[in-house]
Amino acid sequence: MSLMDSLAAGFSLVGNFEAFFMLFIGLVVGVVAGAIPGLSATMAVALTLPFTFSMTPINAILLLLGVYKGGIFGGSIPAILIKTPGTPASSATILDGHPMAERGEAGRALGMALYASCTADAVSNLALILFAGWLASFALNFGPPEFFALILFSLTIIAGVSGESLLRGALSALAGLLLATIGLDLVYGTNRFTFGDPNMMGGLNFIAVLIGLFAIPEIIAMAWNPVAHLGRTRALGKSRCSFADYAKSFKSIIRGSMIGVFLGSIPGIGAAPSAFLSYSEARRTSKNKANFGKGEIEGVAASEAGNNGVAGATLIPLLALGVPGDVITAIIIGAFMVHGLQPGPMMFVLNVDIIYGLFIGLIVSSVFLLVVGSVAIRGFKFVADGPKRILMPGVLVLCIYGVFAVNNNIFDVGVMFVMGWVGYIMMRNRIPAAPFLIAFILGPLLEDNFRQSMLMSGSDPSILFRGPITWFFWVLTAITVFAITRSTLRKRVPLS
Amino acid sequence: MSQKSLHLRLGIVASLFALFLVLYAIPTFVFAPSNVGNIILSPKFWPYVLAGLTAIIGVALLFNALTAASDVPFEDEETVHPEGSTPWMRLGALAVIMVLVMFGLPRLGMVWTAMLAFAACAFLFRTRHPIAALVCAVIVPLLLYAFFAHVAGVAIPQGNFVRLP
């Protein structure tokens with residue numbers, strides 16, 4: 001199929017009011033959820049997922065991608081106005097955004113955050129369109145040993161960089177892998193940890209686990225401290241972001257977007273490190289270096305470009321390899337599966353219309369974000385002042401309905417509650433939840449590819465090192481473990 | 001809490017859990033056909049590998065804790081005690097609400113159980129808007145019922161008492 005044919009097929013799917021409306025609604029939901037401290041973009045995507053069951057796959061995924069992109073931008077609004085990042089990725093935005101708000105320039109900071117976010121989002125989408133197809137055509141050569149090595153590498157890096165500690169991240173990933181073994185064995189069909197309960201024979205429901213891990217702990221945290229969310233909201237002020245401000249920061253925005261694209265395309269790194277790296281690069285190279293941290297608009301631009309540059313790029317490994325780049329794309333992979341689609345290289349062959357439909361939708365999403373973001377900045381006061389102690393019970397009820405709707409099974413609601421407490425205990429013990437969830441998704445794939453490799457080779461483990469692609473991923477895994485261990489050891493021994 | 005004490009605690013839990021898996025859980029709850037000759041292809045192989053890795057991480061956490069030079073608390077540790085003196089009681093009450101939801105769903109139906117759970121949670125969280133909370137407790141479950149039952153076609157549990165259209 002030629003490029004024009006693929007584009008035409010994509011247009012035939014998304015060239016209707018409903019698809020763009022879903023994308024728009026997704027952005028609105030994402031921006032509002034991202035703007036409410038305590039309701040992260042991850043939680044918003046997870047809670048939106050059950051509403052997509054009755055939709056067509058393309059509308060469902062556009063809605064979720066809208067929530068994702070809106071949520072990442074929305075997080076910058078409370079970061080600037082109340083010094084509380086709506087998402088972890090917005091932490092870097094606080095550094096200069098909040099001092100600007102304290103000076104009465106919140107409107108200017110938010111305007112720059114919006115323009116930088118939209119620019120970075122467009123760059124990231126372009127990277128996705130350019131690289132995903134190329135990577136997928138390369139990945140068509142992968143067999144079970146190559147996929148095993150790739151997934152192992154992805155899990156290593158996710159466990160290593162998504163928390164404060166490699167060991168705690170690895171523990172989290174192992175717990176996710178263990179939970180994924182529940183159910184019938186993939187080859188022999190025998191019971192594994194099912195305790196004779198038929199509900200557990202198909203394994204634990206992915207959506208129950210993810211909503212349990214990412215939404216319920218926030219509700220439990222509110223029971224622990226019902227006033228933790230209270231803060232002081234700054235006014236927008238009179239100054240606005242001008243074209244001169246944008247032009248002055250343009251270099252930092254493009255650099256931040258590139259950093260976001262690069263880090264986003266590596267599974268597991270995510271938006272927060274990208275935002276901080278972009279910020280530190282902007283500070284290093286800026287003429288106004290001394291103003292960084294005191295309310296420099298270029299700092300806001302760099303950190304927002306860094307975190308939004310990730311949004312499209314995390315879809316590169318998702319669409320091309322079937323490996324989620326971060327926890328939100330892990331949820332989106334679940335949405336693909338719910339709708340009978342399996343992301344990965346074969347999707348570029350079998351569902352090229354959906355792939356190109358998504359690309360078209362993503363390009364439009366940058367424009368929609370500009371519109372929704374402009375309104376959201378002005379309306380934030382109403383969102384921020386909404387009573388969180390009424391919102392959280394609403395989230396609980398939504399979780400109950402949403403999780404039940406997946407399989408019409410009350411057992412799944414119980415799984416969600418149990419996973420909620422597990423997630424809360426992990427939160428209190430500073431164990432990151434992202435490796436757990438991603439390992440839970442990738443666990444069956446990892447085991448399946450390992451056992452297929454062993455069946456192919458007659459149980460000869462040397463098949464796992466059979467060619468340059470497997471060597472490449474093994475070397476990357478070794479380098480990752482070495483680098484993370486080295487940095488951990490350096491932290492333990494302070495240099496004098 | 002410091003990283004040292006956290007890793008000590010996690011290391012002990014991970015090591016004990018790995019032992020529990022290897023000595024009891026895997027032999028008891030993972031079934032392998034008797035004709036599987038090669039251990040690598042057995043359904044028990046992967047759980048044993050994961051249990052072994054858990055043990056290694058547990059030992060590494062213990063080593064990390066025991067050899068750590070300093071015992072400095074985490075910078076962002078919660079220092080102020082949460083509102084009121086009963087955070088543990090609120091956690092317990094929320095757990096009870098969750099258990100009651102599980103009992104209520106098949107008996108009262110999802111809508112009525114959700115209404116009660118909403119109201120109970122709002123009061124547990126000490127809302128400053130009790131009237132609004134009660135109104136939301138009625139409206140939100142009804143709206144969700146309307147969407148899931150009539151738009152998404154989900155068979156929402158109706159319970160044994162009052163049935164909705």
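**A greasy patch, a shared core and some buried charges**

In this predicted model, helix H1 of chain B gives the largest share of the nonpolar patch, with 9 residues. The patch is a stretch of nonpolar surface of about 1,000 Å², and its members include Leu8(B), Ile12(B), Phe17(B), Phe20(B), Tyr24(B), Tyr48(B) and Leu66(B). Two helices of chain B, H1 (3–29) and H2 (45–67), each put at least two residues into the patch. Tyr24(B) is a handy residue to look at here, sitting in helix H1 of chain B. Its relative accessibility is 42%, and because buried means under 20% and exposed over 50%, Tyr24(B) counts as partly exposed.

Chain B itself splits into two pieces, domain 1 (3–67) and domain 2 (87–151). Measuring from C-alpha centre to C-alpha centre would be one way to picture the layout: domain 1 and domain 2 of chain B lie 39 Å apart on that basis. Pro87(B) belongs to helix H3 of chain B, which covers residues 87–108. With just 1% relative accessibility, Pro87(B) counts as buried, in contrast to the partly exposed Tyr24(B). Going along the chain from Pro87(B) to Leu143(B) takes 56 residues, and the C-alpha atoms of the two are separated by 32 Å.

Next comes the inside of the model. The largest nonpolar core holds 210 residues, and Val209(A), Ile211(A), Tyr401(A), Met416(A) and Leu437(A) are those with the most contacts inside it. Helix H7 of chain A, residues 106–139, gives the most to this core, supplying 15 residues. Chain B joins in too: domain 1 (3–67) and domain 2 (87–151) both give residues to the core, so it lies between them. As for who sits next to whom, Val209(A) touches Leu179(A), Leu204(A), Val415(A), Met419(A), Phe436(A), Leu437(A) and Phe440(A), leaving aside residues up to four places away in sequence. One of these neighbours, Leu437(A), is also on the list of residues with the most contacts in the core. In soluble globular proteins, nonpolar side chains tend to be buried together.

Charged residues have their own story. The count over all chains comes to 11 salt bridges. One of them pairs Asp245(A) with Arg108(A), whose closest N and O atoms are 2.9 Å apart. Asp245(A) is in helix H12 (residues 243–264) of chain A and Arg108(A) is in helix H7 of chain A, so this pair ties together parts that are 137 residues apart in sequence. Both ends are tucked away: Asp245(A) is buried at a relative accessible area of 9%, and Arg108(A) counts as buried at 17%.

Arg192(A) has two partners to talk about. Its salt bridge with Asp185(A) has closest N and O atoms 3.6 Å apart, while the side chain of Glu447(A) meets Arg192(A) at 2.8 Å, N to O. Glu447(A) lies in helix H21 (residues 433–457) of chain A and Arg192(A) in strand S2 (residues 191–192) of chain A, so the pair links parts that are 255 residues apart in sequence. Glu447(A) is buried, with a relative accessible area of 2%. Salt bridges with shared partners also join Arg103(A), Glu105(A), Arg108(A) and Asp245(A) into one network. Back at Arg192(A), this residue counts as buried at 2% relative accessibility, and so does Asp185(A) at 3%.

Note on methods
Residues numbered from 1 in each chain as written. Chains lettered and ligands numbered in written order. Predicted model: local features only at pLDDT ≥ 70, side-chain atom pairs only at ≥ 80, totals over all residues. Heavy atoms only, no water. Core = buried A, V, L, I, M, F, W, Y, C linked by side-chain atoms within 4.5 Å. Buried < 20%, exposed > 50% of the residue type's maximum accessible area, 1.4 Å probe, protein only. Helix = DSSP H or I, 4+ residues; strand = E, 2+ residues; numbered from the N terminus. Domains from an automatic or database assignment. Contact = heavy atoms within 4.5 Å. Patch = residues over 30% accessible without salt bridge, like charges linked within 9 Å, V, L, I, M, F, W, Y side chains within 5 Å. Areas by Shrake-Rupley, 256 points an atom, 1.4 Å probe, with all protein chains shown as cover. Salt bridge = Lys/Arg side-chain N within 4 Å of Asp/Glu carboxyl O.
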